[in-house]
Amino acid sequence: MEREKFSSRLGFILISAGCAIGLGNVWRFPYITGKYGGAAFVLIYLVFLVILGLPVIVMEFAVGRASQRSVALSFDELEPRGTKWHWFKYPAMAGNYLLMMFYTTIGGWMAYYVIKMVKGDFSGMDVSAVEGEFGAMLGNPALMTALMAAVVILGFVICAGGLQKGVEKITKVMMISLLVLMVALTINSILLEGGQEGLAFYLKPDFGKLVEAGLGEAIFAALGQAFFTLSIGMGAIAIFGSYIDRERRLTGEAVNVLVLDTIVALMAGLIIFPACFAYNIQPDSGPNLLFITLPNVFNAMPGGRIWGTLFFVFMFFAAISTIVAVFQDLISFATDLTGCSVKKAALLNCLVIIVLSVPCVLGFNLWSGFTPLGAGTGVLDLEDFLVSNNILPLGSLVYVAFCTSRYGWGWEKFLGEANTGKGISFPSGVRFYIKWILPAIMLFIFLQGYYAKFFS
Ligand code: PHE
């Protein structure tokens, strides 16, 4: 059976960007940047995006397009006979599930905050009352489960509509709205009086601060963030390569996705940091940054209820577009492996994801005594750490090895696929770099990161 394709190139780019642009850009990037001291961290992150991330997205797209399959079968399709590359499907599929196991919870928070902003629930509250609201939500497992389940159901309903009529149609609208909202929010934020200090914090590198936060750990975090934001290392974005024809070379498409993704992350910082500084609110509060810090900012801002609503709608679109993209992956694992229908795969996965997402919810209340990565951490941090700092970088290494080694798919075949069509070609002179230096950099950062995190 011919695989269903996207209806347009724009659809492909916006959906790949929708997969890449998500909580990683609008929630994780700002708080990690706040934690590691601002611009110096951003600089390292940007370098990693280009020298490590870009080649890997091209490889994922190439593997997806050449195999016409999701990661559940792409390696079976392309590997030389008798090799075991296809075993990678297990950690890759597990990674996609693990990601959704915490992502949907935060997606639920975003939905809740949109509602609260519309209703004006935070109006007139002081800082501790806002904190109390967030705490009350975290302490209420039934509420959080309901929010999470609503988001999961919404995501699968969109996917059950099919690739063109569901995923493509809805994601396109969401992504375009997201970009428009972002521009309005950024302009509003940088015009705030007193926001300049926030711009300096965000844009002027201070390497002293980076060293203070722990250079080794910061570099490891930048690596994790670069892979997380691009969605690379577990076949999540590869699938979209399987839905396009061979008209365009893949490097240009990867550059488009990377540029859109980076713009959104940087703009999210431009929205958040000036606003924090304008109202004297510290931007280093970690994962709670958006949920405790920002409502205070909007309370202080003229027209804050409207801006706050737009802000959380923007966040919600980012989250749900990624959720839809990854659900599309989960559904295609099922349809690739068992040949079942999309609707059946959607229904089944919907139930599975709701159940699997419960531990993350409980980690904030009933199971809060479980602190796997040190005081203050929970199930979410563990799941995020497993995906972002382990599966994604190591999985990216698998893609690199597969595309460069003659025991895998091999360089010539990879290059042939990447360079089929019109557009920028993948530079063939970088083979040595990609085969040896890129993995060496990654392994080094990975090992020292573990050391810095757990032993120093
Ligand atoms: N890139 C997504 C984000 O920034 C997260 C993601 C990671 C999605 C890995 C798929 C795979 O939110």
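**Figure 1. Helix 8 provides the largest share of the lining of the second largest cavity, 3 residues.** The model shown here and in the other views is predicted. The second largest cavity has a volume of about 40 Å³, and its lining is made up of L185, N188, S189, I271, A275, F298 and M301. Two elements, helix 8 (163–190) and helix 13 (250–278), each give two or more residues to this lining. Sorted by class, the residues around the second largest cavity are 5 nonpolar and 2 polar, with no charged residue.

**Figure 2. The largest cavity is the space taken by the ligand.** The structure holds 2 cavities of 30 Å³ or more, and the largest cavity encloses about 120 Å³. This largest cavity is lined by 14 residues, and those closest to its centre are C19, L99, F228, S231 and T322. At least two lining residues come from each of helix 1, helix 5, helix 11 and helix 15. The lining of the largest cavity comprises 9 nonpolar and 5 polar residues, and charged residues are absent from it.

**Figure 3. A shell of 15 residues surrounds the ligand.** Within this shell, the residues that come nearest to the ligand are A20, G24, Y103, F228 and S231. Five helices each contribute at least two residues to the shell: helix 1 (9–20), helix 2 (23–35), helix 5 (89–119), helix 11 (215–230) and helix 15 (304–338). The greatest contribution, 3 residues, is that of helix 2. As to class, 9 of the shell residues are nonpolar and 6 are polar, while none is charged.

**Figure 4. Backbone atoms of C19, A20 and L23 lie close to polar atoms of the ligand.** For A20, the distance between a backbone N or O atom and a nitrogen atom of the ligand is 2.9 Å. For C19, a backbone N or O atom is 3.5 Å from a nitrogen atom of the ligand. An oxygen atom of the ligand is placed 3.0 Å from a polar backbone atom of L23. On its own the ligand has 320 Å² of accessible area, and the protein covers 100% of it.

**Figure 5. The largest pocket of the structure has a volume of about 720 Å³.** Its lining counts 33 residues, and Y31, K35, P287, T377 and D381 are those that lie nearest the centre of the pocket. Helix 2, helix 11 and helix 18 (379–404) each supply at least two of the lining residues. Helix 18 accounts for the largest share, with 6 residues. The lining of the largest pocket consists of 17 nonpolar, 10 polar and 6 charged residues.

**Figure 6. S231 has a positive phi in a loop that follows helix 11.** The loop that holds S231 runs between helix 11 and helix 12 (238–241). The phi of S231 is near 65°, although S231 is a residue other than glycine. As a rule, most residues other than glycine have a negative phi. S231 also belongs to the residues that come nearest to the ligand, and S231 is one of the residues closest to the centre of the largest cavity.

**Figure 7. Q68 is a residue with a positive phi that is not a glycine.** The phi of Q68 is about 60°. Q68 is located in the loop between helix 3 (39–67) and helix 4 (74–78).

Key:
Residues numbered from 1 in each chain as written. Predicted model: local features only at pLDDT ≥ 70, side-chain atom pairs only at ≥ 80, totals over all residues. Heavy atoms only, no water. Near = heavy atom within 4 Å. Polar contact = N/O pair within 3.5 Å; in protein donor to acceptor, adjacent residues only side chain to side chain. Areas by Shrake-Rupley, 256 points an atom, 1.4 Å probe, with all protein chains shown as cover. 1 Å grid on protein atoms, 1.4 Å probe; cavity = no way out; pocket = protein on both sides within 12 Å on 5 of 7 lines; lining within 4 Å. Sits in = over half its atoms within 2 Å of the grid points. Helix = DSSP H or I, 4+ residues; strand = E, 2+ residues; numbered from the N terminus. Nonpolar A, V, L, I, M, F, W, Y, C, P; charged D, E, K, R; others polar. Points joined across faces, edges and corners; volume = space filled by probe spheres on them.
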